[in-house]
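Reader: I like to see the reasoning behind a label, so could you show me the structure and then let me quiz you on the terms?

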Amino acid sequence: MSDQSARWVDATQLPEELVALIDTLRPGEDVLITRDGETIGTISGAAHGEPVPSTDSEDVTVVATAMKLSASARDSLSERLGPGYLVLDLHSAPPTVDVLLVPPASPQLIGNFRALYPKARIVITEIEDAELGVRYEGPVRRLLDAGAEAYLPSSTIPRLAEQLDRTMTQLNQLTGGTSVPLTIEAPGDRARLLRNQEET
């Protein structure tokens, strides 16, 4: 018998980061709400109807999306990645996911994701796809849109010199010397995310 006096809060009234954390909860998992070190409330994970697909094959990289994507957006991502990938919503993904796509968030939320998915590679992504109705903009995207040429989160001065030289060479090769924001390079990673040079 349901409790007719139960209170509820619309998720749109909560901070996005809290909603994202709640979305990651599985049945039986809780988030404790504390004040001055004392627990004043608990948020419990609810059961979701989607079954967890089998991900036993070592040939498949399982990608979980921690942002709201329509089925068509996930299908499009999966299709572009190819048969070696399985793209799932976080609610239907197993705790052994290989990659976790996360929108720009606080260090605390990233830490929570790291604790929940210790084996996953956490990849922060800023997406703007008008055709599929997806928009997760973050500070880097806003800076590039404002006119910055590149974003180089270098860990050391030697690393900065290496990244800057490679980025300038790449910018000149791809744009013929014109001023277009193009490259975001992650520290310690050879991979680059190229803006305005998407595959067709």
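Author: What follows is a set of questions about the labels used for this predicted model, each with its answer.

Reader: Let's start with a loop. Why is D59 called exposed?

Author: D59 has a relative accessible area of 67%, and exposed means over 50%, so D59 gets that label. As for where it sits, D59 is in the loop between β2 (38–44) and β3 (61–65). Its C-alpha atom is 9.3 Å from that of P83, and the two residues are 24 apart along the chain.

Reader: And I43: what makes it buried?

Author: Buried means under 20%, and I43 comes in at 19% relative accessibility, so it counts as buried. I43 belongs to strand β2. Its C-alpha lies 6.5 Å from the C-alpha of L32, eleven residues away in sequence.

Reader: How do you know that A20 is buried?

Author: Same kind of check: the relative accessible area of A20 is 16%, the cut-off is under 20%, and therefore A20 is buried. You'll find A20 in helix α1. A20 and V102 are 82 residues apart in sequence, yet their C-alpha atoms are 9.5 Å apart in space.

Reader: Which residues lie nearest the centre of the second largest pocket?

Author: A20 is one of them, along with E16, V19, A66 and Y136. The lining has 28 residues in total, and the volume of this pocket is about 570 Å³.

Reader: Which elements give two or more residues to that lining?

Author: Those are α1 (16–24), α3 (107–116) and α4 (139–145). With six residues, α1 gives the most.

Reader: How do the residues of that lining divide into nonpolar, polar and charged?

Author: There are 16 nonpolar residues, five polar and seven charged in the lining of the second largest pocket.

Reader: On to salt bridges. What makes D145 and R141 a salt bridge?

Author: The rule wants a side-chain nitrogen of Lys or Arg within 4 Å of a carboxyl oxygen of Asp or Glu. For D145 and R141 the N to O distance is 3.3 Å, so the pair fits the rule. Both residues lie in helix α4, four residues apart, about one turn of the helix. D145 is partly exposed, because its relative accessible area of 44% falls between the 20% and 50% limits.

Reader: How many salt bridges does the rule give?

Author: The count comes to four.

Reader: Why do R159 and E162 sit about one helical turn apart?

Author: Because they are three residues apart in helix α5. They also form a salt bridge, with the closest N and O atoms 3.1 Å apart, and that passes since the limit is within 4 Å.

Reader: Are R159 and E162 buried, exposed or partly exposed, and what are the values behind that?

Author: R159 is buried, because its relative accessible area is 13% and buried means under 20%. E162 counts as partly exposed at 40% relative accessibility.

Reader: What links R159, E162 and R166?

Author: A network of salt bridges links those residues. R166 and E162 meet through their side chains at 3.5 Å, N to O, so that pair also satisfies the limit of within 4 Å. R166 and E162 are both in helix α5, four residues apart, about one turn of the helix. R166 counts as partly exposed, because its relative accessibility is 26%, which is in between the two cut-offs.

Reader: Last one, still on α5. How do you know that M168 can belong to a nonpolar patch?

Author: A patch residue needs over 30% relative accessible area and no salt bridge, and Met is among the nonpolar side chains that are joined within 5 Å. M168 has a relative accessible area of 39% and is partly exposed, so it clears the area cut-off. M168 is found in helix α5 (residues 157–175). The patch on the surface is formed by I157, L160, L164 and M168, which together have about 370 Å² of accessible area.

Technical notes
Residues are numbered from 1 along each chain as its sequence is written. This is a predicted model: local features need pLDDT of at least 70, side-chain atom pairs count only at pLDDT 80 or more; totals for chains, interfaces and linings use all residues. Side-chain values use heavy atoms; hydrogens and water are left out. Buried means under 20% relative accessible area, exposed over 50%, partly exposed in between (1.4 Å probe, protein chains only). On a 1 Å grid over the protein atoms alone, a cavity is a set of points where a 1.4 Å probe fits but cannot get out, and a pocket is an open set with protein on both sides within 12 Å along at least five of seven lines; lining residues have an atom within 4 Å of a point. Grid points are joined across faces, edges and corners, and a volume is the space filled by probe spheres set on the points. Ala, Val, Leu, Ile, Met, Phe, Trp, Tyr, Cys and Pro count as nonpolar, Asp, Glu, Lys and Arg as charged, and the others, Gly among them, as polar. Patches are made of residues with over 30% relative accessible area and no salt bridge: like charges are joined within 9 Å, nonpolar side chains (Val, Leu, Ile, Met, Phe, Trp, Tyr) within 5 Å. Accessible areas come from the Shrake-Rupley method with a 1.4 Å probe; for residues, only the protein chains shown count as cover.
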